[in-house]
Amino acid sequence: MAASFLQAIIDDTSLDAAVEAVKLAVDHLELSASEAVPVTTSASSGDLTARFSAALPRTGRPLAEVMDRVARDVAADSILLSHPMYLGHQVSAPLPAAVWTEPVISAINNSMAVREMSPAGTALETALIGHFTRLVGWGSDAGGTFTSGGTEATTAALMAARASALPNAWEDGVGANPPMLVCGEHAHYAVTRAAGILGLGRRNVVVTASEGYRMDPAALRRTLDRLASEGRRAMAVVATAGSTPTGSFDDLEAIGNCCAERGVWLHVDGAHGASALISARHRHRLRGLELARSLAWDPHKLLLMPLSAGMVLVREEGDLDAAFAQQAPYLFHGADGARVPDLGVRSLACSRRFDALKLWVAIQRYGLDGLEACHDHLVDLAGTLHQRLARHGGFELPHEPESNILCFRWRGSGETSAESLDALNLAIRERYNSSGEGWITTTVLDGRRMLRVTIMNPRTAPGHLDRLVAGLAATASAL
Ligand SMILES: Cc1ncc(COP(=O)(O)O)c(C=O)c1O
């Protein structure tokens with residue numbers, strides 16, 4: 001090995017070198033929060049592609065120079081999630097204590113696959129998972145692991161459901177007549193993706209009707225009865241707690257009872273909304289969650305962790321072990337039937353980051369009370385926005401907010417056709433976002449184009465929402 005390489009490592013293992021990176025991150029967060037710059041870059045995708053198309057260097061440069069380039073060429077043209085007018089997708093303005101834990105996680109670099117590779121990490125993650133399963137209302141048999149996010153968590157949970165319905169699927173596959181998955185109209189694509197990954201096939205996902213953007217329990221009953229009468233077996237029902245389009249919560253009590261009566265696995269996709277469990281004011285929305293067999297919950301959404309931090313939780317830890325009936329004598333040494341502390345036996349991933357640490361640090365720093373106050377603030381703001389839009393009068397409001405997500409639509413003059421209003425709403429979003437003043441998203445509800453806001457930043461205040469309403473109305477009038 002070249003002496004210069006070793007010297008570079010020695011130089012970079014110093015506080016002076018680390019400060020370069022940390023200063024860049026601090027500058028980025030401060031600039032975002034200051035509102036002194038547009039929410040996102042105006043650079044074109046062509047310019048950005050060209051920027052990184054040069055051949056990779058054969059020889060290195062001092063870290064300070066590289067970080068300068070990161071500041072100029074990457075951070076400056078990134079979307080600023082800590083800007084209070086960032087009101088877009090469900091990605092957080094990350095909590096600083098968790099951000100500063102990221103380099104610690106990387107420096108420790110213990111893999112969560114096996115306890116011997118992460119002695120303290122496995123103990124900490126297991127304890128944190130235990131805390132959250134108790135919050136769900138499950139007993140001491142419950143368990144789970146951290147995941148890369150909600151999509152992985154739902155896939156892992158549905159693998160556990162598959163193992164329960166088809167214990168031989170791991171060896172034999174699912175056969176020509178696989179069991180069905182049932183989900184609501186507004187389920188995240190994680191469900192159909194899992195159906196593909198699990199070999200069930202997307203055609204074996206049955207979508208059951210909604211009422212007010214929530215799964216209709218009566219329609220679910222009819223769907224399950226129909227499947228039974230056709231001789232088709234339901235492998236799992238997937239309910240959503242905090243749906244992607246509107247943040248709505250399915251009635252978990254009614255759905256849970258319906259599944260329990262029929263012996264069907266209930267998975268709850270709480271990637272977005274399960275964090276309401278930490279809130280005294282909002283946990284009622286998850287009433288009945290304890291009836292579920294599995295839960296996806298993303299701390300990188302409403303617990304404001306930097307990407308990524310998800311969790312898959314199961315009522316019976318053994319179900320998750322059964323999902324991955326993996327023999328790997330070079331890694332897993334557990335005696336048959338004995339509980340193994342290694343989290344890798346119940347995880348889709350092998351090598352896995354110690355993401356639990358940043359959540360644990362954030363809880364130590366801000367306390368559960370701090371995270372609860374933050375959660376409630378974000379949800380309250382969606383209510384405030386709903387009121388402000390209603391007071392303005394120029395917008396249709398298809399739903400009351402149940403979480404920090406709100407959909408709405410510019411109403412137009414009353415003579416404009418629904419199709420023209422679809423196009424107009426899309427154009428409003430494009431024009432408003434490119435102004436740099438704020439940044440929102442869009443979706444389709446009931447076949448109509450909607451504007452959509454998710455409030456993920458504790459720095460956002462009611463005054464920012466006034467600016468949003470005024471900005472969107474002005475953009476609509478200009479168009
Ligand atoms: C309800 C729901 N489930 C799952 C996901 C996917 O989560 P992730 O992006 O962490 O995989 C999302 C993301 O928006 C979501 O809203």
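# Exercises on a two-domain predicted model

The C-alpha centres of domain 1 and domain 2 lie 30 Å apart in this predicted model. Domain 1 spans residues 111-353 and domain 2 spans residues 362-478, according to the domain assignment of the chain.

## Exercise 1. The contact between the domains

Determine how many residues each domain gives to the contact, and classify those on the side of domain 1.

Solution. Step one counts the residues: domain 1 supplies 19 and domain 2 supplies 19. Step two sorts the domain 1 side by class, which yields eight nonpolar, nine polar and two charged residues.

## Exercise 2. The seven-stranded sheet

Establish the strand order of the sheet of seven strands, its edges and its twist.

Solution. Begin with the order, which reads 1-9-8-7-6-2-3 in an open sheet with mixed pairing. The edges are strand 1 (143-147) and strand 3 (205-208), each of which pairs on one side only. From one strand to the next, the twist averages 20 degrees. Finally, place the helix: helix 7 (residues 150-165) lies across strand 1, strand 6 (234-240), strand 7 (265-270), strand 8 (294-297) and strand 9 (310-314). Its direction makes about 20 degrees with strand 9.

## Exercise 3. Strand 2 and its surroundings

Identify the bridge partners of Val182 in strand 3 and of Met180 in strand 6, then explain why strand 2 is described as largely enclosed.

Solution. First, take the pairing with strand 3: strand 2 (residues 180-184) runs parallel to strand 3, and four bridges join them. Val182 has Val206 as its bridge partner there. Second, take the pairing with strand 6, which is also parallel and has four bridges; here Met180 is partnered by Ala234.

Third, consider the two faces. In a regular strand, side chains alternate between the two faces of the sheet. Met180, Val182 and Gly184 are on one side of strand 2, Leu181 and Cys183 are on the other, and all are buried. A residue counts as buried if 20 or more other C-beta atoms lie within 10 Å of its own. Five of the five residues of strand 2 are buried, so the rest of the structure largely encloses this strand.

## Exercise 4. The four-stranded sheet and its helices

Describe the sheet of four strands, and state which strands helix 13 and helix 14 touch.

Solution. The sheet is open, with antiparallel pairing and the order 10-11-13-12. Strand 10 (395-396) and strand 12 (441-445) are the edge strands, each pairing on one side only. Next, examine one pair in detail: strand 10 and strand 11 (residues 405-410) run antiparallel and are joined by two bridges. Within this pair, Glu396 has Arg409 in strand 11 as its bridge partner.

Now add the helices. Helix 13 (residues 356-392) packs on the sheet and touches strand 10, strand 11 and strand 13 (448-454), with its direction at about 15 degrees to that of strand 11. Helix 14 also packs on the sheet, where it touches strand 11, strand 12 and strand 13; its direction makes about 30 degrees with that of strand 13.

## Exercise 5. The packing of helix 14 with helix 15

Characterise the geometry and the residues of the contact between helix 14 and helix 15.

Solution. Start with the axes: helix 14 (residues 418-434) and helix 15 (residues 462-478) pack at about 120 degrees, and their axes are 9 Å apart. The crossing is right-handed. Then list the residues: Ile428, Arg431 and Tyr432 of helix 14 meet Gly471, Leu472, Thr475 and Ala476 of helix 15. Classified, this contact comprises four nonpolar, two polar and one charged residues.

Conventions:
Residues numbered from 1 in each chain as written. Predicted model: local features only at pLDDT ≥ 70, side-chain atom pairs only at ≥ 80, totals over all residues. Pairing = 2+ DSSP bridges. Axes fitted to C-alpha atoms, helices over the stretch in contact; angles between N-to-C directions. Contact = placed C-beta atoms within 7 Å. Domains from an automatic or database assignment. Nonpolar A, V, L, I, M, F, W, Y, C, P; charged D, E, K, R; others polar. Left-handed = near helix turned anticlockwise from the far one by under 90°. Buried ≥ 20, exposed ≤ 12 C-beta atoms within 10 Å, placed from the backbone.
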